[in-house]
Amino acid sequence: MKLSILDQAPISSNQSAKDALNNSVRLAQAAEKLGYVRYWIAEHHDLPGLACSAPEIMIPYICANTSQIRVGSGAVLLPFYKPYKVAETYNMLATLFPNRIDIGIGRAPGGSAEATNALHERYLEQVWKMPEHIKEVLQFITQSFPADHEYSKITASPLPEIPPKPWLLGTSSKSAKLAAENGLPYAYGYFMSENDGKEIIQAYLDSYYHEHLAEQPQVIITVSAVCADTTQKAEDIALSSLIWSIQRAKGEGNEGVPSIEEAKKYQLTNEEEGQLEKLKRKMIIGDPSVVIPELTKIQQIYKADEIMINTITHYPEDRITSYSLIAENSN
């Protein structure tokens, strides 16, 4: 089973943002040693408890402190940026770190309405232009604008020997079909979607084979998982993330991911008890004998080429241990 990592650079209640970003470097280094295929870091804006607002800055930092793992954005939020600048940035990264750079492209706002407006005053208009802008990014990377196109006269320099690999991220049939139409590999956010993922992935595969008969589609399924030596310990560790999700939904949790002790003391209402159970159903929690079969089942159901794992814990050591147990028991 091919495994990879989606890191949201969570800040724990006893950490600074710098601590969290340094822990991301250590996680990427551990992932490389454990044989993970790729490490992606997310883009979020003004969300308390998440440290990374600029993947394009963290990616070279991660690459400089590792040697071979693929590193990318999960995702660069394209509505905020001009395709030309995105292509320039990732071409430069691919020049510095050959055959290691992914561009995960997404369209979520990644923050509040105020942060969205601060980044781009016409965000919704840019969302509608996503299909056009994705094509432009690809044409800049491959230098494939028609000769009569205005942009055929410019280059997203520097041009790397091996271009960065683009992916489209999403949680809907619309994004799946858009990926297929452009011949892109697709990363489906299982851990954050309420939609029927099987139908979405099938829509991607069906559309892809129709549009690109000579090429093969690729699918990543992104899941949330916590693994520990015992299932009880995994449940205790996961409680920090679960309680933090409930706090954030209420506009709380600004201090970051609570400790296990803090999470256990948090008083839940009856409604929040139900929310907690619902959140748990979207996570895989347990020891390796529980987690590995669940990951394998998801891989088979979704016809996934790769499983990308998102793990949030209070203690950085618990996060690395979780990824280690999964990698060591998945072969």
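**Figure 1. The largest pocket holds about 1,200 Å³ of space.** The model shown is predicted. The lining of this pocket counts 45 residues. Q8, H44, F191, M192 and S193 lie nearest the pocket centre. Several strands give two or more residues each to the lining: strand 3 (70-77), strand 5 (165-170), strand 6 (186-188), strand 7 (219-227) and strand 9 (306-310). Among the helices, helix 9 (231-249) and helix 11 (270-281) do so.

**Figure 2. Helix 9 in the wall of the largest pocket.** Helix 9 gives the most to this lining. Its share is seven residues. Sorted by class, the lining of the largest pocket has 21 nonpolar residues and 18 polar ones. Six charged residues complete the set.

**Figure 3. The second largest pocket has a volume of about 220 Å³.** Its lining is made of 18 residues. Closest to the centre are L138, P166, G183, L184 and P185. Helix 6 (130-142) and helix 8 (197-211) each supply at least two residues of the lining, as does strand 5. Helix 6 has the largest share, with three residues. By class, the lining of the second largest pocket divides into ten nonpolar, six polar and two charged residues. Strand 5 also appears in Figure 1, where this strand gives two or more residues to the lining of the largest pocket.

**Figure 4. A cavity of about 60 Å³.** A search of the whole structure finds one cavity of 30 Å³ or more. Residues from two stretches of the sequence meet around this space. P10, S12, Q15, A20 and N23 are among the lining residues. So are T313, H314, Y315, P316 and R319. Helix 1 (17-34) and helix 13 (316-329) are the elements that give two or more residues to this lining. Four of the lining residues are nonpolar, five are polar and one is charged.

**Figure 5. T116 and the residues around it.** T116 sits in helix 4, which spans residues 113-119. The relative accessibility of T116 is 7%, under the 20% cut-off, so T116 counts as buried. Leaving out residues up to four places away in sequence, T116 touches F80, P109, G111 and Y123.

**Figure 6. The whole chain, for orientation.** The protein chain has 13 helices and nine strands. Its radius of gyration is 20 Å, close to the 20 Å that the globule rule gives for 331 residues, so the chain is as compact as a globular protein of that length. Along the principal axes, the C-alpha atoms fill a box of roughly 65 × 40 × 40 Å. Of the 331 residues, 54% count as buried; T116 in Figure 5 is one that counts as buried. Among contacts in the chain with a separation of 6 or more, 73% are between residues 24 or more positions apart. The accessible surface of the chain comes to about 15,200 Å². Carbon and sulfur atoms account for 51% of that surface.

Technical notes
Residues are numbered from 1 along each chain as its sequence is written. This is a predicted model: local features need pLDDT of at least 70, side-chain atom pairs count only at pLDDT 80 or more; totals for chains, interfaces and linings use all residues. Side-chain values use heavy atoms; hydrogens and water are left out. On a 1 Å grid over the protein atoms alone, a cavity is a set of points where a 1.4 Å probe fits but cannot get out, and a pocket is an open set with protein on both sides within 12 Å along at least five of seven lines; lining residues have an atom within 4 Å of a point. Grid points are joined across faces, edges and corners, and a volume is the space filled by probe spheres set on the points. Helices (H or I, at least four residues) and strands (E, at least two) are DSSP runs, numbered from the N terminus. Ala, Val, Leu, Ile, Met, Phe, Trp, Tyr, Cys and Pro count as nonpolar, Asp, Glu, Lys and Arg as charged, and the others, Gly among them, as polar. The radius of gyration is taken over C-alpha atoms; the globule rule is 2.2 Å times the number of residues to the power 0.38. Buried means under 20% relative accessible area, exposed over 50%, partly exposed in between (1.4 Å probe, protein chains only). Contact means heavy atoms within 4.5 Å. Accessible areas come from the Shrake-Rupley method with a 1.4 Å probe; for residues, only the protein chains shown count as cover.
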